[in-house]
Each structure stands twice: as structure tokens, then as C-alpha cells.
Amino acid sequence: MVARKQKARSRHGQAEGVSIRELSVDYDTEGKTFRALSQVDLEIEPSEFVCLLGPSGCGKTTLLNVISGFVAPTTGTVRVGDEPARSPTLARGVVFQEYALFPWRTALRNVEFGMEVTGTPKPERHERAMEFLALVRLDTFAHAYPHELSGGMKQRVAIARALAYDPPLLLMDEPFGALDAFTRDELQQLLSDIWQKTGKTVVYVTHNISEAVFLADRVVVFEGNPGRIKDVLEVGLERPRNVFGTDFTELESRVTGLVHDAPDRQQQQPGRPAHTRTPVEGAQP
Ligand SMILES: Nc1ncnc2c1ncn2[C@@H]1O[C@H](COP(=O)(O)OP(=O)(O)OP(=O)(O)O)[C@@H](O)[C@H]1O
Ligand SMILES: [Mg+2]
């Protein structure tokens, strides 16, 4: 708790919490109403790292879209800091699975983009963009174009871009889902380091149980039909986290059991290696 308060006062500005009360979201398609989220209650503290985990179609992206203001609640309320979540603003940094970089801009100019929109003067823009490229260890690639970068590098640029205009809240939708396992592990570590340095509130969607246990303060497990919270687990492990430690694998196993409605999976599968990135059933490959 103390650590979180310290992070909220970090040099990269204020972090904001999110308050979700009795949220339901319906989609109307072809005259039919589909309930995507039902009665979701969740309080996210400033500077907290929360992972949303659950099967495909349980409403994780919908929830991020409501927090970012792209989708309106059907019932209930969502507040970011003191404000109701409404029309999208740059106040919320968003990183998606697809890299979504402008192909005609260099890495540097991509990172500068958000600050151009917010009217940051050019010299400051340049300095901050270089600072955040250095944070994701890409300062030597500042003048490279997206097609000259690997998938992992592009996603690092996207993270730098989201952070550079100092949003109080970072929303990430399977940001490493398209990357190979090695790059993914590397970027999880990098993101964890960046989070500790910047103290941003992060809401992070993943299908990957190990990733959630590695990154999160709390893991929110969803179930589907209609999408709702099944359980919330406090991770409570020291950082940096040791993915091979007994505490880690035990917790990973607990979350796996919860997600799959099964008893401890490691007991069911004695040959399973302790550190395996376990996708949730129904996840897209
Ligand atoms: N714009 C939309 N119009 C109609 N239905 C939608 C829309 N967006 C999502 N849905 C439906 O709402 C449900 C939740 O979708 P959502 O994308 O939030 O799930 P998700 O948990 O992010 O899934 P995934 O893990 O596959 O990304 C799904 O059944 C989906 O078909
Ligand atoms: Mg999704």
C-alpha cells in the first residue's frame, strides 16, 4: 500500500484510479440485444497494475473500451479519477495487440504524435520522445521506420508513445499477444520495470495466466455468457518476480484452476513444466 502511494507521486505525473459500479453493457445487432457485461463492480487504485483474464468473448475488450470512453455503459457507472469515463481523450494511453504505428513516421515521430495533438512545444516533444524511447531501450532506433523494426520493437515504440504524453492511466489489450514467447517474456520484464519507474495505473488484458501472475497486483478473472467477474486474486509476490519460484507456480496453478473451474492443474498434470505460459481455454491462437 505504501509503495503504491509513493508511485502515485512519481516524477511522471499523477496516476488515476478507476471506479466501476454495477456496470452492464448491451450491444444491439440486427434488432437483437446481447449482454456483453453484467453487473461488474471493480475498484482500481491509482498506480495499481490490474490484469483482466478470461475466455474469449467474456467482455475484457468491452470493459477497456468503456474505461477509455469508446463504449458507453448501458447501466451503471465508470469513473476515471474524479471524472465519468466519456468520449475518448488522450488522457488514457491505449496499447493494442496490433502495433498501430504510423508507417510513414519514424519511431521518434510516432512517439511524438500524442504530444503533437496535445500541443506540447517541439523541443520538449523531442526531448520527451527520446526519453521514452530510451526507457524502452530504443533510442538508437529513433530514426528507423516501423517496417525496419521487429514486432517486439514496434510494440516498444507503441508503449513509449502511450507513455510519452503522460497519461494517468494505461490501457493495454493483449499488447504482447502477437509476439513470440522469448520477446514476450522480455517485454513483460520491461513493462514491469517501466511500471515501477512511472507509477502509472495499468489495466492489462491477457489470455495468459503466467503473464497475469507475473505482472499484476491483482488478477481479475472473468467468465462468459454474460461476461462478469468470477473472482479477484491479490498476487502479493515480491518484485522482481521469480517465475520459477514455488510461490509463483502455486499461484499460477490456483489461477489456472479458477479459470478452468478445475482443481490444481499441476496435480492433474505432474509432467507439466513449472513455468509454462498457459493460455486460457477458447483463446485465439
Ligand atoms: N461492437 C460490437 N457489437 C456487437 N457485439 C459485440 C461488439 N463488440 C463485442 N461484441 C460481443 O461482445 C462479447 C464480448 O466481446 P469482447 O471483445 O469484449 O470480448 P473479449 O473478452 O475481449 O474477447 P477476446 O478474448 O476474444 O478478445 C462478444 O460476444 C462479442 O461478440
Ligand atoms: Mg478482446
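How do the residues of the shell around ligand 1 divide into nonpolar, polar and charged? They divide into 5 nonpolar, 7 polar and 2 charged. Please keep in mind that this is a predicted model. The points below start at the ligand, then visit helix α8, its neighbour along the way I209, and the aromatic pairs.

**Around ligand 1**

- There are 14 residues around ligand 1, and the ones that come nearest are S56, G57, K60, T62 and H207.
- S56 places a polar side-chain atom 2.5 Å from an oxygen atom of ligand 1.
- K60 also uses its side chain: an N or O atom there is 2.8 Å from an oxygen atom of the ligand.
- With G59 the backbone takes part, as one of its polar backbone atoms is 3.0 Å from an oxygen atom of ligand 1.
- On its own, ligand 1 has 630 Å² of accessible area, and the protein covers 64% of this.
- Two or more residues of the shell come from each of these elements: β1 (18-29), β2 (32-44) and α2 (60-68).
- Helix α2 gives the most to that shell, with 3 residues.

**Helix α8**

- Helix α8 is made of 15 residues, 246-260.
- At 1.5 Å a residue it should span 21 Å, and this agrees with its end C-alpha atoms, which are 21 Å apart.
- The helix is largely enclosed by the rest of the structure, because 11 of its 15 residues are buried.
- Among the buried residues of α8 are F248, L251, V255, L258 and V259.
- Polar and charged names appear in the buried list too, including T249, E252, S253, T256 and H260.
- D261, just after α8, takes a positive phi of about 55°.

**I209 and V255**

- I209 has its place in helix α7 (residues 209-215).
- Is I209 buried or exposed? Its relative accessibility is 0%, so I209 counts as buried.
- Along the chain I209 and V255 are 46 residues apart, yet their C-alpha atoms are separated by 7.0 Å.
- V255 belongs to α8, where it is one of the buried residues.

**Aromatic pairs**

- How many aromatic pairs does a search of the whole structure find? The search finds 5.
- One of them joins F49 and W195 in an edge-to-face arrangement, with 5.7 Å centre to centre and 75° between the planes.
- This pair links distant parts of the chain, since F49 sits in strand β3 (residues 49-53) and W195 in helix α6 (residues 181-198), 146 residues apart.
- F49 is buried, with a relative accessible area of 0%.
- W195 counts as buried as well, at 3% relative accessibility.
- F102 and W104 form a tilted pair, because their ring centres are 5.3 Å apart and their planes stand at 35°.
- Why does F102 count as partly exposed? Its relative accessible area is 22%, and partly exposed residues are those between the 20% limit for buried and the 50% limit for exposed.
- W104, in contrast, is exposed, with a relative accessible area of 60%.
- F49 and W195 appear again in one aromatic cluster, together with F176 and Y204.

Technical notes:
Residues are numbered from 1 along each chain as its sequence is written. Chains are lettered from A and ligands numbered from 1 in the order in which they are written. This is a predicted model: local features need pLDDT of at least 70, side-chain atom pairs count only at pLDDT 80 or more; totals for chains, interfaces and linings use all residues. Side-chain values use heavy atoms; hydrogens and water are left out. A residue is near a molecule or strand if one of its heavy atoms lies within 4 Å of it. A polar contact is a pair of N or O atoms within 3.5 Å; within protein, one must be able to donate a hydrogen and the other to accept it, and residues adjacent in sequence count only if both atoms are side-chain atoms. Accessible areas come from the Shrake-Rupley method with a 1.4 Å probe; for residues, only the protein chains shown count as cover. Helices (H or I, at least four residues) and strands (E, at least two) are DSSP runs, numbered from the N terminus. The expected span of a helix is 1.5 Å times one less than its number of residues. Buried means under 20% relative accessible area, exposed over 50%, partly exposed in between (1.4 Å probe, protein chains only). Rings of Phe, Tyr and Trp (its six-membered ring) pair if their centres lie within 6.5 Å; planes under 30 degrees apart count as stacked, over 60 as edge-to-face and the rest as tilted.
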